[in-house]
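Me: I'd like a close look at a single part of this one, the sort of tour you'd give at the bench with the model on screen. Could you pick a spot, start there and work outwards?

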Amino acid sequence: MTAWPQLGIAPGPVLRVFGLRRAGNHAVINWLQRNAPGGRALFLNNCTPGRDPFASFRAAEIDGHRVAGADADVATIARRAGDGAALILSYEDVMPGGRRRRPISAGIDDAAVDFEVIVARGFLNWAASLVRKLQANPAYAAHQRVSIVLRAVATYLQMLDLIADGDAPGRIAIRYDDWHVSPDYRADRLARLGFATRDDSLGEVQGYGNGSSFADTAATGADLRTAERWRDMQGDPEYRIVLWLVAQDARFRDRLALVFAERRRAARPIGRRPRRRRPSHPRFRRAATRPRKPSGGIDMVQLALPKNSRIRTGKTWPRPDGARNVRKVQIYRWNPDDGQNPRVDTYFVDMDDCGPMVLDALIKIKTEIDPTLTFRRSCREGICGSCAMNIDGINTLACIYGMDEIKGDVKIYPLPHMPVVKDLIPDLTHFYAQHASIMPWLETKSNTPAKEWKQSIEDREKLDGLYECVMCACCSTACPSYWWNGDKYLGPAALLHAYRWLIDSRDEATGERLDDLEDPFKLYRCHTIMNCTKTCPKGLNPALAIAEIKKMMLDRTV
């Protein structure tokens, strides 16, 4: 190597790191520095391909700490790092090899480089992060942003080609998605590099490129939901254009399937919408039992329950002696204190000695068969909303849902897509907090009248179909938009209550209420799927209320 004698150092292990922008390169490089032999490392960031890296780097770090611009003389930096420090050179938006005429690091013998490290991030989250980052730059128009992303996609394909054959001598891939979640994976990568594990944490959020485009307040790598970026961008038109264009490239799809094969399990392709088939036809039933070939689309979502969430078969309780009218009831059970997986227990209820409603059957089971069964209930008249659960695949109230409305076995689960406290009790803390956020009370600015706030009969009638909501959460937990965006989308129940106060003639905070709802997620994640209206046990129409709020938003902008 011709450049190092000029610096007066004898470096330790030498790594060249290749990755694309927003692929997590700097987080991985910071981790490599923290685990370098002796904890000593010299990092030269974003070197220019084909030029001497000691003359073309953009920034430098020693042992993970940024070197100030005034101290950026390369010889000074090298002497501060000292002999034996690991040397890490990073290159962005370029891959090793190819048809390049000049060496990627001019003045350095490739034989002196111990490892070429390729940082690879799953396509959906990488593309989402890149699109979001470009959108924050006002210098780029929409077509320019898409063009930049597609040029980066060409480099991404080169990366897939390099990784497809697996790790080779002197070259190792680090998959950012696995690196972020698996300590075992991080330890394996370090061992392959010949590094001992010194610091297994994810470190602090790196400031390069102004840090995360999604989580401005995140301080550590553990705070980042890096696997969720595609969810945050799935409704963005530019992002969907990129996905559609890439999905047309058969070679790209095949490389993705090969490199990220283990992440395709139970995944849904988005390249094209699958045709619906009628399951009642015998031919389709037979076809459904055969293994499916990959569709060739790009994975949009990966669904696989963790092992500790898989439901097992539970206990079957004996049938009541001498009973003639018996119903089989299967109930979801989970106890956070026993460390066991969820299970489904089976009970048999004598309906000749039981009330007609599902709640009656649950009370009979708890009272006479299994006192450990846990559920909420109170009024037994459909007023309090306590006994909301999923019965026969429908979110409803157990106290007003008749056993005779269910054909076959009775299957009872907690409300879907909610944390479970125990058995059939969901954790509604977040749901209630969202309801509180819409200020469900009368806001006035005028002086309080001596007797009462008056309202005409016509104005009072506008509230019919709204005030009857009992906050059972059946509608919100049946809404796919709420499943995927429940942290930011308020959901049908909260928005129905918001509309109830928006149209109350006595309320004097309409503008403030609409301002609070003027948000890409709070209101506009509703896609009018109508599950909320279909499942409401009180017969209300939250979807209509949400549509009316959107009209109010539009009216005040015209």
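Reply: Let's start at the hairpin of β3 and β4, where two residues sit between the strands and Asp63 takes a positive phi near 55°. Before going on, a word on what you're looking at: this is a predicted model, in which local features need pLDDT of at least 70 and side-chain atom pairs count only at pLDDT 80 or more, while totals for chains, interfaces and linings use all residues. Residues are numbered from 1 along each chain as its sequence is written, and side-chain values use heavy atoms, with hydrogens and water left out.

A quick note on names: helices (H or I, at least four residues) and strands (E, at least two) are DSSP runs, numbered from the N terminus. Strands count as paired if DSSP finds at least two bridges between them.

Back to the hairpin. β3 covers residues 59–62, and two bridges join β3 to β4 (residues 65–66), with the two strands running antiparallel. In that pairing Glu61 faces Arg66 of β4. On β3's other partner, β2 (residues 41–45), there are four bridges, again antiparallel, and here Leu42 stands opposite Ile62.

So what about the two faces of β3, buried or exposed? Both are covered: Ala59 and Glu61 on one side are buried, and so are Ala60 and Ile62 on the other. Buried here means under 20% relative accessible area, with exposed being over 50% and partly exposed in between (1.4 Å probe, protein chains only). The split between sides fits a general habit: in a regular strand the side chains alternate between the two faces of the sheet.

Now step outwards. The hairpin belongs to an open sheet of seven strands, ordered β4-β3-β2-β5-β1-β6-β7, with mixed pairing. The edges are β4 and β7 (171–175), each pairing on one side only. Walking in from the hairpin, β2 is joined by four bridges to β5 (residues 86–92), and these two run parallel. Leu44 sits opposite Leu89 of β5 in that pairing.

Towards the other edge you reach β6, which runs parallel to β1 (residues 14–19) through four bridges. Val17 is opposite Val117 there. How covered is β6? Mostly: six of its six residues are buried. Phe115, Val117 and Val119 point one way, and Glu116, Ile118 and Ala120 point the other.

Five bridges then take you from β6 to β7, also parallel, with Ala120 opposite Arg175. Ala173 lies in β7 and is buried, with a relative accessible area of 8%. Ala173 is 57 residues from Glu116 in sequence, yet their C-alpha atoms are 8.5 Å apart in space.

For comparison, swing over to another open sheet, with six strands in the order β10-β12-β11-β15-β13-β14 and mixed pairing. Its edge strands are β10 (312–316) and β14 (394–397), each pairing on one side only. Neighbouring strands in this sheet are turned by 30° against each other on average, direction ignored; for angles and axes in general, lines are fitted to C-alpha atoms (for helices over the stretch in contact), and angles run from 0 to 180 degrees between N-to-C directions. Another antiparallel pair turns up here: four bridges join β13 (residues 388–391) to β14, and Ile391 stands opposite Ile394.

Last stop, a pair of helices. The axes of α17 (residues 491–502) and α18 (residues 510–517) come within 10 Å and cross at roughly 155°. That makes α17 and α18 roughly antiparallel to each other (under 35 degrees is roughly parallel, over 145 roughly antiparallel, 65 to 115 roughly perpendicular, and the rest oblique). Leu495, Ala498, Trp501 and Leu502 of α17 meet Thr510, Arg513, Leu514 and Leu517 of α18, contact meaning heavy atoms within 4.5 Å. The residues of that contact divide into six nonpolar, one polar and one charged. In this scheme Ala, Val, Leu, Ile, Met, Phe, Trp, Tyr, Cys and Pro are nonpolar, Asp, Glu, Lys and Arg are charged, and the others, Gly among them, are polar.

Zooming right out, the protein has 20 helices and 17 strands, and buried residues make up 48% of its 558 residues.
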